[in-house]
Every structure is written in C-alpha cells, then in structure tokens.
Amino acid sequence: MLSAINHLTLAVADIDLALRFYVGLLGARAHARWDSGAYLSIGDLWLCLSLDAARAAACSSDYTHYAFSSDDFASAAKRLRDAGVIEWRVNQSEGNSLYFLDPDGHKLELHDGDLASRVAACRQHPYAGMVFFD
C-alpha cells in the first residue's frame, strides 16, 4: 500500500536557526522559505521545517531519530563535531554512526552503511530473538 516516505516535517522553534543548521551545516538544498516554514531537500528527501511554538518545550528521550548518509562520512562527522553539535548517543552497531542533535533537539544520525550491510552484519551477530525473512 505505501511506496515511500513522501516528506518529513520537523517542528522548529526558530526558522532562521534551523535553516543555518540544515542548509549551512548539513548541506540541504533550500527551495522555499516563508514566515513560518521552509522547504528543503536532502538527496531525494523532501524536508519541511515548520515553525511551532510548542517545539521549544518538547523533548523526547526515546530512540526515535532520523538518519542521513554522506558520500564522505569522516569529513562530514569532523565538520559536525567541529561545529560543536551535541552528541546524544554513542554508536554500538555495525557501521560508522554519529548521533547528534539539531538546534531544536531533534535526534539525527549520520550513518555510513545501508540496510543490506546492516542485515549482513546481523546475520553474523544476530540480535536476541532475531528472525530473517529473506
């Protein structure tokens, strides 16, 4: 029934700050901006930033996060660390990962790998109770 993620909307407390982060630091492409939002893209992902006063009070302690790829993981990770991003988790899984927060506290990840590499690693060292379907 579903075929793909259509877009991802992130509630933000400050559009200008979010644009500096996503466009200036992460390299997203800006397509449109208005008083209460912006349309960006990262590769094929349509990313919407939406001004939301409730975001300033929101903080999630669960593992929900959004992971992105880079053509050069090491350079991208260095750039993020040099910019002083807050790291919210230490990588404990296959592949290189840098878990960091955006200015609004959204949990993001820079990940070097894909579903195929993850499943291959899990076949070597499966998680408790793991079952493979292919």
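Rings of Phe, Tyr and Trp (for Trp, the six-membered ring) are taken as a pair if their centres lie within 6.5 Å. On that criterion, a search of the whole structure, which is a predicted model, turns up six aromatic pairs. One of them brings together F21 and F100, with ring centres 6.3 Å apart and planes at 45 degrees; planes under 30 degrees apart would be stacked and over 60 edge-to-face, so this pair counts as tilted. F21 belongs to helix α1 and F100 to strand β7, so the contact ties together parts that sit 79 residues apart in sequence. What about burial? F21 is buried, with a relative accessible area of 9%, and F100 is buried too, at 2%. The two rings also turn up with Y22 in one aromatic cluster.

Another of the pairs is W88 with Y99. Here the ring centres are 5.2 Å apart and the planes stand at 80 degrees, so the geometry is edge-to-face. W88 comes from strand β6 and Y99 from strand β7, so this pair links parts eleven residues apart in sequence. Y99 counts as buried, at 2% relative accessibility. W88 has a charged visitor as well: the charged end of K107 sits over the W88 ring, 5.0 Å from its centre. A similar arrangement is found for R123, whose charged end sits over the ring of F132 at 4.5 Å from the ring centre.

Now for the sheet that carries several of these rings. Four strands make up an open sheet, running in the order β5-β8-β7-β6 with mixed pairing. The edges are taken by β5 (66–68) and β6 (87–89); each has a single partner strand, so one side of each is left without a neighbour in the sheet. From one strand to the next, the twist averages 40 degrees. Strands of a sheet pair through backbone hydrogen bonds, in either a parallel or an antiparallel sense. For β6 and β7 (residues 96–101), the sense is antiparallel, over two bridges. Within this part of the sheet, E87 stands opposite F100 of β7, and that F100 is the buried ring paired with F21.

How confident is the predictor in all this? The protein has a mean pLDDT of 89, with 96% of its residues at 70 or more. Confidence is highest in helix α1 (residues 15–25), at a mean of 96, and lowest in helix α3 (residues 115–124), at 89. As a general caution, coordinates should not be read in detail where pLDDT is low.

Key. Residues are numbered from 1 along each chain as its sequence is written. This is a predicted model: local features need pLDDT of at least 70, side-chain atom pairs count only at pLDDT 80 or more; totals for chains, interfaces and linings use all residues. Side-chain values use heavy atoms; hydrogens and water are left out. Two strands pair if DSSP finds at least two bridges between them. Axes are lines fitted to C-alpha atoms, for helices over the stretch in contact, and angles run from 0 to 180 degrees between N-to-C directions. pLDDT is the predictor's confidence in each residue, from 0 to 100. Buried means under 20% relative accessible area, exposed over 50%, partly exposed in between (1.4 Å probe, protein chains only). A charge sits over a ring if NZ of Lys or CZ of Arg is within 6 Å of the ring centre and within 35 degrees of the ring normal.
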